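Let's take a walk through a protein together. Have a look at the picture first, and then we'll go through it piece by piece.

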Amino acid sequence: MSYEPRRRTYGDTDWMQEAVCRGMNPEIFFWGGTKWSADQKGADRTQAKAICARCPVRDECLDYAINNNIPAGTWGGVDEPERASLRRRRLRDARVAAGGTR
Ligand code: SF4
């Protein structure tokens, strides 16, 4: 099942040229796989999300992560558990739109 991106005006990764996080330390967005350590929890999410909040390509970034099923990191200001939940919701909505059941 595929998703229609909300907005896509560039090629698949051209949007990355406009990313606010270009050149930043990737550890702000990724911190060792898909689990946070207790002391990293909150702080890193907050920092990454604050950076993403001022990024002009948030939608493209989030769509890219969801469409490519990227499990780790904060993309488009959305962290891993939020993204998994959003992905499930999009799948459910796509099923309903196709005439299926929830
Ligand atoms: S939304 Fe966040 S992670 Fe995505 S490109 Fe922008 S700053 Fe980077």
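Here is a short tour, from the overall build to the ligand and then to one odd residue.

Before anything else, keep in mind that this is a predicted model. The mean pLDDT of the protein is 81, and 75% of its residues reach 70 or more. Among the helices, α1 has the lowest confidence, at a mean of 81, while α2 has the highest, at 92. Why bother with these scores? Where pLDDT is low, the predicted coordinates should not be read in detail.

Now for the build. You'll find 3 helices and 0 strands, so following the chain from the N terminus on, the elements simply read α-α-α. Of the 102 residues in the protein, 19% are buried. Take the contacts between residues at least 6 apart in sequence: 56% of them join residues at least 24 apart.

Next, find the ligand. Which residues are closest to it? They are Ala 19, Cys 21, Cys 52, Cys 55 and Cys 61, part of a set of 13 that surround the ligand. Two helices, α1 (41–53) and α2 (58–67), each give two or more residues to this shell. Sorted by class, the shell holds 10 nonpolar, 2 polar and 1 charged residues.

Last stop: Asn 69, in the loop between α2 and α3 (80–97). Most residues other than glycine have a negative phi. Asn 69, though, has a positive phi, near 55 degrees. Is Asn 69 buried or exposed? It's exposed, because just 9 other C-beta atoms lie within 10 Å, and a residue counts as exposed at 12 or fewer.

Conventions: Residues numbered from 1 in each chain as written. Predicted model: local features only at pLDDT ≥ 70, side-chain atom pairs only at ≥ 80, totals over all residues. Near = placed C-beta within 6 Å. Helix = DSSP H or I, 4+ residues; strand = E, 2+ residues; numbered from the N terminus. Nonpolar A, V, L, I, M, F, W, Y, C, P; charged D, E, K, R; others polar. Buried ≥ 20, exposed ≤ 12 C-beta atoms within 10 Å, placed from the backbone. pLDDT = per-residue confidence, 0-100. Contact = placed C-beta atoms within 7 Å.
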